[in-house]
Amino acid sequence: MKTAFITGASSGIGRATAVALGRAGFKLVLTGRRLERLQELARELADVPTHLLTFDVRNRAAVEAAVASLPAEFADVDVLINNAGNAHGLAPIQQGDPNDWDAMLDGNVKGLLYVSRAVLPAMTRRNTGHIINIGSIAGHETYANGNVYCASKAAVAALTKGMRLDLLPHHIRVAEVNPGAVETEFSEVRFKGDTQRAAGVYQGYEALRAEDVADLLAFMVTRPAHVNIAEVLILPAAQGAATVIRKE
Ligand code: NDP
Ligand code: 8X3
């Protein structure tokens, strides 16, 4: 049984991916800050072997300690889904809150690096592995007021390419999945709990569901070892570009 390590499994895309990979026959390391959410997910996954780790991806020591604590049966990670991340705020750069900038750059970029660095020895030692970084359409198309979030996802795109090159000698596949609008808790976090404003982001069209992205990830990680689906843009059919959405 292969092991998949999913960050941000307590909500949205990460949670749905845990369900999809559990169904596909993986044992799962599920991580996030909200332990109760992870426990509820583990109960839902019933017969799937799971191991829960709670840490903030921005805390390097906590990331390292959590990965080092993995029991032997979960330590040989085969698949790493670097999904944890969020946007914080949507404001012109001259009005941006530096605390939001820290949260996005430390979480979306440095957090991804810390987790990857901690998990990689289990892959390089065995010369096998598959890493999928969750980027965004925002990393490939900067939109007004998206500034730092877009920059954090552009960094994910650059890091994915760099990781793919550096890990090539170790037979480790590295890929990036770039979703457009997915209805999750993402906008609630971005708008700091303003549920009405968050709901407005998904009104008037059918946004992607977290399960749509999870289906894609399950497909990618179950391809034969010689296949790397290296970069995918997945959009709702109603979305033409980052801020161009056909509304009914
Ligand atoms: P959610 O808000 O539903 O989920 C975010 C997940 O990330 C949660 O499980 C959260 O767990 C975890 N997380 C966030 N910050 C931290 C942190 N500092 N430390 C540990 N875990 C953290 O949003 P999505 O599922 O939509 O987002 C998942 C990924 O998809 C993100 O990288 C996002 O940027 C990306 N994305 C989302 C899109 C969308 O439209 N929804 C589109 C394109 C990309 P917890 O709070 O328990 O720590
Ligand atoms: C999330 C999608 O367009 O809100 O990455 O930035 S968007």
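Ligand 1 takes up the space of the largest pocket. This is a predicted model, so let us walk through its pockets and what they hold, beginning with that one.

**The largest pocket**

The volume of the largest pocket is about 1,100 Å³. Its lining counts 50 residues, and those nearest the centre are G85, N86, Y149, T184 and F186. Sorted by class, the lining has 23 nonpolar, 19 polar and 8 charged residues. Five elements each bring at least two residues to this lining: α1, β2 (27-32), α5 (98-124), α6 and α7. Of these, α7 contributes the most, with 4 residues.

**Ligand 1**

Around ligand 1 there are 30 residues, and S10, S11, R33, Y149 and T184 are the closest. The shell is made up of 12 nonpolar, 12 polar and 6 charged residues. Both side chains and backbone meet oxygen atoms of ligand 1: the side chain of K153 places an N or O atom 2.9 Å from one, and a polar backbone atom of V182 is also 2.9 Å from one. On its own, ligand 1 has 870 Å² of accessible area, and the protein covers 96% of it. Elements that give two or more residues to this shell are α1 (12-23), α6 (147-167) and α7 (186-190).

**Ligand 2**

Where does ligand 2 sit? Ligand 2 is in the largest pocket too. Its neighbours are S136, I137, A138, Y143, Y149, F186 and R190, which divide into 5 nonpolar, 1 polar and 1 charged. Y149 is also among the closest residues to ligand 1. Three side chains approach oxygen atoms of ligand 2, as the table shows.

| Side chain | Partner | Distance |
|---|---|---|
| S136 | oxygen atom of ligand 2 | 2.5 Å |
| Y143 | oxygen atom of ligand 2 | 2.5 Å |
| Y149 | oxygen atom of ligand 2 | 2.6 Å |

Taken alone, ligand 2 exposes 240 Å², of which the protein buries 82%.

**The second largest pocket**

The second largest pocket holds about 180 Å³ of space. Its lining consists of G12, R15, A16, V19, A20, R23, E44, A210, E211, A214 and D215. By class, these are 5 nonpolar, 1 polar and 5 charged residues. Which element gives the most to this lining? That is α1, with 6 residues, while α1 and α9 (210-221) each supply at least two. Helix α1 thus turns up in both places, as one of the elements lining the largest pocket and as a contributor to the second largest.

Methods:
Residues numbered from 1 in each chain as written. Chains lettered and ligands numbered in written order. Predicted model: local features only at pLDDT ≥ 70, side-chain atom pairs only at ≥ 80, totals over all residues. Heavy atoms only, no water. Near = heavy atom within 4 Å. Polar contact = N/O pair within 3.5 Å; in protein donor to acceptor, adjacent residues only side chain to side chain. Areas by Shrake-Rupley, 256 points an atom, 1.4 Å probe, with all protein chains shown as cover. 1 Å grid on protein atoms, 1.4 Å probe; cavity = no way out; pocket = protein on both sides within 12 Å on 5 of 7 lines; lining within 4 Å. Sits in = over half its atoms within 2 Å of the grid points. Nonpolar A, V, L, I, M, F, W, Y, C, P; charged D, E, K, R; others polar. Points joined across faces, edges and corners; volume = space filled by probe spheres on them.
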